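Here's a quick look at a ligand site and at the cysteines. Have the structure open while you read.

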Amino acid sequence: MSAEKPLDPATIAARAAGAVDTGHGGVVPGVQPTTTFRRDESYALQSGGSYGRDHNANVAQAEEVLRQLEGAAQTRLFPSGMAAVAALFRTLPDGARVVMQSGIYWGVLAWVRKFCARRNIRLEEIDAADPLAIRKALVEKADLVWIEVPSNPWLKVADIAAIAKLTHDSGGLLAVDGTAATPVLTRALDFGADISMHSATKAINGHTDVLAGVLSCRDADSEVWQAICADRMEAGAILGAFEAWLLMRGMRTLPLRMERMCRSAQMLAEALDAHDRVELVRYPGLPEHPAHVLARAQMKGGFGYLMSVLVKGGTEEALAVAGRLQLIHRATSLGGVESLVEHRATIEPHTGIPGNLLRLSVGIEDPGDLLADLDQALRG
Ligand code: PLP
């Protein structure tokens with residue numbers, strides 16, 4: 001095989017980036033739960049690690065799959081998406097300035113607001129999908145710019161390359177939460193981001209049975225990356241071996257699942273957009289989405305599995321539609337093989353989320369079955 005041609009993501013994922021069971025000749029690596037490592041008679045370590053907080057084989061294997069998918073210099077896993085977010089923010093000095101996209105995943109916003117208040121960090125929340133707003137915010141240096149592409153649940157699409165340039169001109173770093181895209185659709189580092197973050201709890205694992213988060217960098221020698229790695233080891237936000245093993249098994253089908261989920265989501269978005277009980281569908285794959293052209297350039301192979309459907313009526317009507325669904329689970333989260341629906345205003349009241357908005361995470365079920373379920377629920 002030619003050394004120059006990089007492997008396709010489907011090949012990297014299916015082969016778990018080449019990880020095999022070296023001890024027993026198995027095709028699949030085993031779970032290695034050891035928390036400590038033996039030394040020989042001269043007290044030299046017998047393998048790469050000395051303690052489970054700085055080394056675990058399953059974690060390292062799963063990180064390598066993600067590193068290759070992301071095109072990153074280095075990748076680190078964390079026990080949840082929020083733990084990954086926190087690891088990055090903890091690198092900020094007191095008194096720093098952060099520019100953050102507004103209307104993103106509420107859990108990130110809520111934690112970052114509290115963290116910044118505690119640490120005397122200036123936080124500005126702006127609509128990063130609005131080029132004027134971001135230009136204005138970055139006239140002054142921002143130590144860190146945080147965007148979520150596409151955003152959850154508004155499905156806004158910010159211009160990663162343009163924001164990376166403005167951020168770097170201001171002297172700061174850009175971090176992108178690409179949870180709703182996964183590295184299969186969008187490799188944020190390729191567009192100039194410094195740090196790429198994902199909640200691997202979502203489509204990266206895809207089976208709704210692992211909590212995990214991931215950070216990847218373009219420059220492994222950078223101060224921020226060195227601080228993140230040191231903090232993970234010293235503060236101990238380590239993913240368990242079994243979770244890492246499960247995650248790697250889930251990732252073997254990530255590109256395949258994304259292909260199916262994107263195709264189904266596109267079909268459903270178009271059908272729902274034309275439905276007489278639907279007011280509006282927010283999905284980057286629809287031509288009327290305000291950033292459809294940008295999304296086409298930033299997303300490879302589809303527009304993701306996440307959409308927001310604004311039904312005709314208000315909270316009552318939306319909850320009634322959700323209540324009538326028979327196949328699609330009423331549950332929070334996204335990116336799993338099973339489709340989920342969520343009434344976001346119930347979860348985050350008083351944040352401006354319309355009462356008639358239902359967020360839909362499209363799984364790998366037959367899209368015709370999903371559409372039939374949505375249609376009967378909408379018709380009542
Ligand atoms: N970022 C986004 C976009 C999310 O949707 C979520 C969770 O829903 C997170 C981060 C946090 O990830 P986790 O739940 O794995 O901590």
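## Polar contacts to the ligand

This is a predicted model, so take the distances below as computed values. Start with Ser199: an N or O atom in its side chain sits 2.8 Å from an oxygen atom of the ligand. On its own the ligand has 390 Å² of accessible area, and the protein covers 92% of that.

Two other side chains join in. Asp177 places a side-chain N or O atom 2.6 Å from a nitrogen atom of the ligand. Asn152 has a polar side-chain atom 3.1 Å from a ligand oxygen atom.

## Who else is around it

Those three residues belong to a shell that also includes Ser80, Gly81, Met82, Tyr105 and Glu148. Thr179, Thr201, Lys202 and Ala212 are part of the shell too.

What's the mix of residue types in that shell? It splits into three nonpolar, six polar and three charged residues.

## The cysteines

How many disulfides turn up in a search of the whole structure? Zero. Cys217 is in no disulfide, and the nearest cysteine sulfur to its own belongs to Cys229, 7.0 Å away. A disulfide would need the two sulfur atoms within 2.5 Å, so this pair doesn't qualify at 7.0 Å.

Are these two cysteines buried or exposed? Cys217 is buried, at 1% relative accessible area. Cys229 counts as buried as well, with 16% relative accessibility, because the cut-off for buried is under 20%.

Note on methods
Residues numbered from 1 in each chain as written. Predicted model: local features only at pLDDT ≥ 70, side-chain atom pairs only at ≥ 80, totals over all residues. Heavy atoms only, no water. Near = heavy atom within 4 Å. Polar contact = N/O pair within 3.5 Å; in protein donor to acceptor, adjacent residues only side chain to side chain. Areas by Shrake-Rupley, 256 points an atom, 1.4 Å probe, with all protein chains shown as cover. Nonpolar A, V, L, I, M, F, W, Y, C, P; charged D, E, K, R; others polar. Buried < 20%, exposed > 50% of the residue type's maximum accessible area, 1.4 Å probe, protein only.
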